[in-house]
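Please look over the model below. The report that follows covers its fold, its backbone and its charged side chains.

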Amino acid sequence: MRFVLRASELAGIALALVAGACGYYDDTTEVVTPAAPGADASVRGTITYRERIALTPDAVVTVQLRDTSLADAASVLVAEQIISSPGQVPIEFDVRYVSDEIDDRNVYSVSAVITEGDGRMAFTNDTAYDVITRGNPRRVDMTLVMVEPPPELAPDGWSPTDPDRVDAPVHVTGVEMLWEGSTGSQSSGFLRVEFAASSEDGCYHIGREEVVRNGDRYEVAVTAWVPAPVPWAQDCSERDLELDAIVHLGDRFISGETFEVVLNGERTFSFIAP
């Protein structure tokens with residue numbers, strides 16, 4: 001089960017992780033915090049993110065296992081692992097804990113923060129990954145979100161909203177008209193829009209399908225929510241996913257009538273009603 005963290009909880013966990021990372025940082029050797037005495041179990045998995053940003057040798061990864069049972073109280077730290085010089089994603093983690101300290105009635109979650117050597121919180125998770133109890137696994141693959149990019153990628157400054165997805169026209173590969181039924185000399189018309197998108201997780205989310213009619217001219221918009229065009233954006237250039245959208249143009253097409261469709265303000269097509 002995954003659930004969205006409240007902003008106050010996320011901020012509290014993030015601050016605690018940064019504080020812990022500062023205490024364990026070592027810029028000369030790779031350091032992994034030792035397990036607590038008596039640790040006999042572990043939560044394992046991987047950490048990754050979607051942005052095209054390389055970690056520096058000074059990066060520090062902090063993974064924490066917390067008791068998040070009480071929604072109206074601060075979560076309790078159960079165990080943590082801090083790794084300096086982790087290399088590049090995916091990063092493997094193994095947080096060891098004492099199994100006798102786990103209450104089967106409680107909820108436990110694992111979270112992570114990647115802090116760079118300049119003190120910048122680079123990545124963290126915006127969802128909690130439940131583990132151990134209540135049928136949840138002891139292995140999770142975590143996908144983090146970017147908090148702040150490297151200064152060299154944003155020389156003119158940046159805004160926390162920069163990584164937000166944007167509404168953009170789909171990459172159209174074909175169109176056709178579909179007709180349904182008729183009453184007298186009228187029928188319903190549907191425009192089938194074929195388009196290509198990347199199958200990478202996070203590259204495509206359904207956008208708008210809108211129609212504006214002006215006489216015999218139909219202006220159609222078919223869009224998708226895609227990563228913002230920033231230097232560190234996820235690479236979605238490989239369009240290996242074939243999709244389509246069915247857009248209803250109306251119910252009053254007269255047989256033999258010619259009309260125009262302008263798709264995404266770029267391509268114009270003419271059709272004749274059957």
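The text starts with the overall make-up and then turns to single residues.

This is a predicted model, in which local features need pLDDT of at least 70, side-chain atom pairs count only at pLDDT 80 or more, and totals for chains, interfaces and linings use all residues. Residues are numbered from 1 along each chain as its sequence is written, and side-chain values use heavy atoms, with hydrogens and water left out.

**Overall make-up**

The protein has one helix and 17 strands. Both are DSSP runs numbered from the N terminus: helices are H or I with at least four residues, strands are E with at least two. Of its 274 residues, 42% are buried. Buried means under 20% relative accessible area, exposed means over 50%, and partly exposed lies in between (1.4 Å probe, protein chains only). Among contacts in the protein with a separation of 6 or more, 68% join residues 24 or more positions apart. A contact means heavy atoms within 4.5 Å. The protein exposes about 14600 Å², and carbon and sulfur atoms supply 50% of that area. Accessible areas come from the Shrake-Rupley method with a 1.4 Å probe; for residues, only the protein chains shown count as cover.

**Loops and backbone**

Pro 57 sits in the loop between β2 (41-49) and β3 (60-67). Pro 57 is exposed, at 63% relative accessibility. Its C-alpha atom is 8.2 Å from that of Gly 117, although the two are 60 residues apart along the chain.

Pro 90 belongs to the loop between β4 (76-84) and β5 (91-97). The peptide bond from Val 89 to Pro 90 is cis, with omega near 0°.

Which residues have a positive phi in the loop between β8 and β9? One is Arg 134, with phi near 55°. Another is Ile 132, in the loop between β8 (127-131) and β9 (139-146), with phi of about 75°. Neither Ile 132 nor Arg 134 is a glycine. Ile 132 is buried, with a relative accessible area of 9%. Arg 134 is exposed, at 59%.

**Charged side chains**

Side chains of opposite charge can pair when their charged atoms come close. The structure holds twelve salt bridges. A salt bridge here is a side-chain nitrogen of Lys or Arg within 4 Å of a carboxyl oxygen of Asp or Glu. The table lists some of them.

| Pair | N to O distance |
|---|---|
| Asp 141 and Arg 139 | 3.5 Å |
| Glu 194 and Arg 192 | 2.5 Å |
| Arg 192 and Asp 244 | 3.0 Å |

Arg 139 is partly exposed, at 49%. Asp 141 is partly exposed too, at 47%.

A network of salt bridges links Glu 176, Arg 192, Glu 194 and Asp 244. Arg 192 is partly exposed, with a relative accessible area of 21%. Arg 192 pairs with Asp 244 in a salt bridge. Arg 192 lies in strand β12 (residues 186-197) and Asp 244 in strand β15, so the pair ties together parts that are 52 residues apart in sequence. Asp 244 is partly exposed, at 37%, and Glu 194 is partly exposed, at 28%.

Glu 200, Asp 235, Glu 238 and Asp 240 form a negative surface patch. Patches are made of residues with over 30% relative accessible area and no salt bridge; like charges are joined within 9 Å, and nonpolar side chains (Val, Leu, Ile, Met, Phe, Trp, Tyr) within 5 Å. Asp 240 lies in the loop between β14 (217-226) and β15 (241-254). Asp 240 is partly exposed, at 43%.

Terms used. Lys and Arg count as positive and Asp and Glu as negative; His and the chain ends are not counted. The place of a charge is taken as NZ of Lys, CZ of Arg, CG of Asp or CD of Glu.
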